[in-house]
Amino acid sequence: MTLRMVVLLRHGQTDYNVAGRMQGHIDSQLTPDGVAQAVAAAPDIAKVGPDRIVSSDLRRARDTAEQVGGACGLPVALDPRLRETHLGEWQGRTVTEIEQEYPGAIATWRSDPAWAPPGGESRIDVVRRSRPVVDEVEEELADVPVATAVLVAHGGLIAGLVCGLMALPTSTWPSIGGLGNCRWATLARRDDHPRWRLTGYNVGTAG
């Protein structure tokens, strides 16, 4: 019986997180606390014995992934398909600023996975571009009896990808909440139970 597991790890804290600003594709970097979070999470991720580590190419995810890779003794592959949701005109703004210009839009965005900010992507768009990364890594590891992949990415992408992997109806996607910095979700599936199942969410000790 073959067990396959995917660990979806969110990056550490950034200045944008501290300020409550939406990052999207803005290439922000980790704060000192964010680096410490990545260092603390890395040994826990190493315990699952990853066979592959793939990261978003944005710096905050890449630097987090390098800490994990060092703890696991594995190289980190970069893939831009794991970038956070492109938030268009909202990038760099706070929720309060967005609400002032687009009244009610935040609530619509959070409740409708098909809705996209002006000039940006919807949650469905993000899952459509990121899901093939999981499929390709799984194919690469097909000959490994018990295979585990770690994907280092972003909170919005991870929440959506969890829903996509589990084939949940899009109407239920808003029920999956966000992740803390350097926390992770785990999904697994077996040959005798081919659907991905959620085995952990918002796991970890980092803030």
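How many cavities of 30 Å³ or more does a search of the whole structure find? In this predicted model, the search of the whole structure finds 1 cavity of that volume or more.

## The cavity and its lining

The largest cavity has a volume of about 100 Å³, and its lining includes Arg 4, Met 5 and Val 6, together with Val 134, Val 137, Glu 138 and Leu 141. Further along the chain, Ala 147, Thr 148, Ala 149, Leu 151 and Trp 196 also line the largest cavity.

Seen by elements, β1 (3–10), α6 (123–140) and β4 (146–153) each supply at least two residues of this lining, and β4 gives the most, with 4 residues. Sorted by class, the lining of the largest cavity has 9 nonpolar residues, 1 polar residue and 2 charged residues.

## Pro 113 in the loop before α6

A second place to look is Pro 113, which is found in the loop between α5 (105–111) and α6. Is Pro 113 buried or exposed? Pro 113 counts as buried because its relative accessible area is 9%, which is under the 20% cut-off for that term.

When residues up to four places away in sequence are not counted, Pro 113 touches Ser 122, Arg 123 and Ile 124, and Pro 113 also touches Thr 170, Trp 173 and Pro 174. As for Val 126, which lies 13 residues from Pro 113 along the chain, the C-alpha atoms of Pro 113 and Val 126 are separated by 9.7 Å.

Note on methods
Residues are numbered from 1 along each chain as its sequence is written. This is a predicted model: local features need pLDDT of at least 70, side-chain atom pairs count only at pLDDT 80 or more; totals for chains, interfaces and linings use all residues. Side-chain values use heavy atoms; hydrogens and water are left out. On a 1 Å grid over the protein atoms alone, a cavity is a set of points where a 1.4 Å probe fits but cannot get out, and a pocket is an open set with protein on both sides within 12 Å along at least five of seven lines; lining residues have an atom within 4 Å of a point. Grid points are joined across faces, edges and corners, and a volume is the space filled by probe spheres set on the points. Ala, Val, Leu, Ile, Met, Phe, Trp, Tyr, Cys and Pro count as nonpolar, Asp, Glu, Lys and Arg as charged, and the others, Gly among them, as polar. Buried means under 20% relative accessible area, exposed over 50%, partly exposed in between (1.4 Å probe, protein chains only). Contact means heavy atoms within 4.5 Å.
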